[in-house]
Amino acid sequence: MAGRRDRIQQLRGSRIAIAIFVGILIGCVCSVLFPNGFFNSGSSLIANEERISKSTSTDGLASCESSERVKMLKSDFSIISVKNAELRKQVRELTEKVRLAEQETENARKQVLVLGSEIKAGPFGTVKSLRTNPTVVPDESVNPRLAKLLEKVAVNKEIIVVLANSNVKPMLELQIASVKRVGIQNYLIVALDDSMESFCESKEVVFYKRDPDKAVDMVGKSGGNHAVSGLKFRVLREFLQLGYSVLLSDVDIVFLQNPFSHLHRDSDVESMSDGHDNNTAYGFNDVFDEPSMGWARYAHTMRIWVFNSGFFYLRPTLPSIDLLGRVADTLSKSEAWDQAVFNEQLFYPSHPGYTGLHASKRVMDMYEFMNSKVLFKTVRKNQELKKLKPVIVHLNYHPDKLERMHAVVEFYVNGKQDALDSFPDGSD
């Protein structure tokens, strides 16, 4: 019995071994035939069929999708181009702000050095006086409506201001075109009559209409060039009180570059000159000869040609505001020429019975801020000077202003080399 049980156990063990061997053999065969698994193979076949189906349908729609894709790419390119232009503009504006910030920081540092405490004078060549007065604290209560407008239009608290009525529309139209061509954004017209208001709207130019003021409105609506010119000293005062630097411009001026990139901003008043060479524009020692005095016949005088009251830059300082008040008050009591009064107040020193205006002054470069005498008497006849491109040209010396303004545009913008040749030096 024991031997029989042993044989039965051996037989069972053999069967188990055979079963295991067969299982292993089947597993090997399956692994060869179905490397991805038996069930996955079916799904793979289905997926392949789906891909083939999609590929076939895609080929059918390829031409349609291609045109749609081109349209999308063109649209994306247009959007990117606009964004790129905006970014370039922002870079330019930020660069200019950084430059101005650095300049103001340096001015503020000097101001603190001078006003902050008592100082000792250093050796020869090390002592420099300060020319930059501190700006006033802005007072928006002076004119809340103007304050809101300037907040939108001004750039870096600076603004170009032009006073105009309907008498000067042709010249103003040409000036507006030059401003847009250069890309000046902070440009504002003070409209002195209803017609000018409508004109500015048609030209899409920012304008400001003052509140009714009999003293201003009567001259503003019907006055000629000189009468209107005298109004600016009264009108500009509010701009300075609001804390804005003002670049005042007459209408007979063509802008060829952005003037704010060429200002020094180190003085209360920065003005173009009526001078036509280095001596007359920047000052010279003029010797007066009186033979009857014998040995003392020669007297030295200091001379400079006047600042032009049709194009000047004012920082919002007390001396600048004082200047506007003095000129406006003098003009209200006399028939004097505003440019003469403007210069008298700037240059007359204090003397018995009179307290002079303590304002710092700078003369603009006469070839950058060019008057028409410099252009027609000198520049157009000199091949080297003709290559220079001024910032502005002011047709202040000639009565045929509009014709010469057009000629300036033809010469400097359109490159017509003989555009200036037909005009006489003076006003024949």
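In this predicted model, helices α4 and α12 are roughly parallel to each other, because their axes cross at roughly 20° and angles under 35 degrees count as roughly parallel. Helix α4 spans residues 169-182, and helix α12 spans residues 401-412. The two axes come within 9 Å. The crossing is left-handed. On the α4 side, the contact is made by Pro 170, Met 171, Leu 174 and Arg 181. Helix α12 contributes Lys 401, Leu 402, Met 405, His 406 and Val 409.

Strand β4 covers residues 245-249. Five of its five residues are buried, so β4 is largely enclosed by the rest of the structure. In a regular strand the side chains alternate between the two faces of the sheet. In β4, Ser 245, Leu 247 and Ser 249 point one way. Val 246 and Leu 248 point the other way.

Strand β4 pairs with β1 and is also joined to β9. Strand β1, residues 158-164, runs parallel to β4, and four bridges link the pair. One of the bridge partners is Val 246 of β4, matched with Ile 159. Strand β9, residues 307-314, runs antiparallel to β4, again over four bridges. Here Leu 247 is partnered by Tyr 313 of β9.

Helix α9 comprises residues 318-332, 15 in number. From first C-alpha to last, α9 reaches 21 Å. This is close to the 21 Å expected at 1.5 Å a residue. The buried residues of α9 are Pro 319, Ser 320, Ile 321, Leu 323, Leu 324, Arg 326, Val 327, Ala 328 and Leu 331.

Key. Residues numbered from 1 in each chain as written. Predicted model: local features only at pLDDT ≥ 70, side-chain atom pairs only at ≥ 80, totals over all residues. Heavy atoms only, no water. Helix = DSSP H or I, 4+ residues; strand = E, 2+ residues; numbered from the N terminus. Expected span 1.5 Å × (residues − 1). Buried < 20%, exposed > 50% of the residue type's maximum accessible area, 1.4 Å probe, protein only. Pairing = 2+ DSSP bridges. Axes fitted to C-alpha atoms, helices over the stretch in contact; angles between N-to-C directions. Parallel < 35°, antiparallel > 145°, perpendicular 65-115°, else oblique. Left-handed = near helix turned anticlockwise from the far one by under 90°. Contact = heavy atoms within 4.5 Å.
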